[in-house]
Amino acid sequence: MSEATTSTLTAEALPRQRKPDWIRVKAPTSKGYGETRQLMRDLKLNTVCEEAACPNIGECWTKKHATVMILGDVCTRACAFCNVKTGMPRAVDLSEPGHVAEAAAKLGLEHIVITSVDRDDLPDGGASQFVRVIEALRRETPRTTIEILTPDFRNKMESAVEAIVAAGPDVYNHNLETVPRLYPTIRPGARYYASLRLLEQVKRHDPRIFTKSGVMLGLGEERLEVHQVMDDMRCAGIDFLTMGQYLQPTPRHTKVIDFVTPQAFTAYGAIARAKGFLQVAASPLTRSSYHAGDDFRAMRATREAQLAKVAQKALPGL
């Protein structure tokens, strides 16, 4: 019996955790959902919406909003919270950037989010494919704002970040995922402070690019630990914080320790705003790309208002 078969049988034998009412969503059935799904199939594109079993897929795909996952659907790491397949990935598809740009055009996207699996097998960690995708989008849909959600490019971070920043995304997202204490069990292939340094480097190369990061709650983190992560993010110059409830994708993944109430998320959001983030999204169903376009426009407006206020104060005689 294969390892995959054994894991499946073990998973089926385990009970599923019951979700509270505020975390339940309807199964996707709309016409828009079906059309978005078919377009992704036609262009041979993967989406994190499907691969990570996102609870918001019905809502987002109905609105023709899909988060493309480049560099294949097989990850070289095995994080305890993630539903993406682990193994040896296939060769990089050089037609993928063109297909991503075609999808953005056909969906009429004003804002697109591009993420990827970890590709530790590649010399640059997959950074050059991010660059090619950004360049294709700039050529084919120049009015679409671009948000990328990258891995940490372990042992290749400096050159990878420099190349991607030079390509000029509007938002650079890299998720910290959880508090430092839980990294050995939740995100064993990554390092908390390395992820912070990555986002610091983005700002160092180009302060105009918005930086963004997110954490999952419900993994056993303590309230003061979450506050410390917020402080660390602000020290790294991160503009946008997302906070959402961790949901166990299958019984063999890390269990949910607790379901954080909507009221608790609201309180966390208020604290984050007081700490100076330009934008905060905090709710049980918040995910990195959920309402990303609306949030980007709000964040950009906030920065423009702040800059205008500073400029006005600098005028002589005022």
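Where does Leu71 lie? Find it in the model above, which is a predicted one: Leu71 sits in the loop that links β2 (68-70) to β3 (74-75). Its backbone is a bit of an oddball. Most residues other than glycine have a negative phi. Leu71 is not a glycine, yet its phi is positive, at about 70°. And although Leu71 belongs to a loop, it counts as buried because its relative accessible area is 4%, and the cut-off for buried is under 20%.

Phe153 tells a similar story. This residue is also not a glycine, and its phi is positive too, near 50°. You'll find Phe153 in the loop between β6 (145-149) and α7 (157-167). With 3% relative accessibility, Phe153 is buried.

Now zoom out to the whole protein. There are 12 helices and 10 strands to trace. Measure along the principal axes and the C-alpha trace spans about 80 × 45 × 45 Å. How does the radius of gyration fit in? For 318 residues, a compact globule would come out near 20 Å, and the protein has 20 Å, so the two agree. Half of the story is hidden from view: buried residues make up 50% of the 318. What remains open to the outside adds up to about 15,600 Å² of exposed area, with carbon and sulfur atoms supplying 54% of it.

What about charge? The protein carries 42 positive and 37 negative side chains. The centres of these two sets lie 3 Å apart.

The chain also folds back on itself. Take the contacts in the protein with a separation of 6 or more: residues 24 or more positions apart account for 75% of them.

Next, let's go inside. The largest nonpolar core has 77 residues, and those with the most contacts inside it are Val100, Ile114, Leu137, Ile164, Tyr172 and Met243. Helix α6 (residues 127-140) gives the most to this core, contributing seven residues. Pick Ile114 as your viewpoint and look around. Leaving aside residues up to four places away in sequence, Ile114 touches Val68, Ile70, Val100, Phe130, Val133, Leu137, Glu147, Ile148 and Leu149. There is also a second, separate core of seven residues, with Val171, Phe210, Ala281 and Met299 among them.

Two strand residues are worth a stop. One is Asn173, in strand β7 (residues 171-173). Is Asn173 buried or exposed? It is buried, because its relative accessible area is 0%. Again setting aside residues up to four places away in sequence, the contacts of Asn173 are Glu147, Ile148, Leu149, Thr150, Lys212, Ser213 and Ser288. Notice that Glu147, Ile148 and Leu149 also appear in the list for Ile114.

The other stop is Phe240, which belongs to strand β9 (residues 240-245). Phe240 has 1% relative accessibility, so it counts as buried. Beyond residues up to four places away in sequence, Phe240 touches Thr211, Lys212, Ser213, Phe277, Gln279, Val280, Ala281, Asp295 and Met299. Of these, Ala281 and Met299 are members of the second core. For one last look, compare Phe240 with Cys49: they are 191 residues apart along the chain, and their C-alpha atoms are separated by 21 Å.

Notes
Residues numbered from 1 in each chain as written. Heavy atoms only, no water. Core = buried A, V, L, I, M, F, W, Y, C linked by side-chain atoms within 4.5 Å. Buried < 20%, exposed > 50% of the residue type's maximum accessible area, 1.4 Å probe, protein only. Helix = DSSP H or I, 4+ residues; strand = E, 2+ residues; numbered from the N terminus. Contact = heavy atoms within 4.5 Å. Rg over C-alpha atoms; globule rule 2.2 N^0.38 Å. Areas by Shrake-Rupley, 256 points an atom, 1.4 Å probe, with all protein chains shown as cover. Lys, Arg positive; Asp, Glu negative; His and termini not counted. Charge placed at Lys NZ, Arg CZ, Asp CG, Glu CD.
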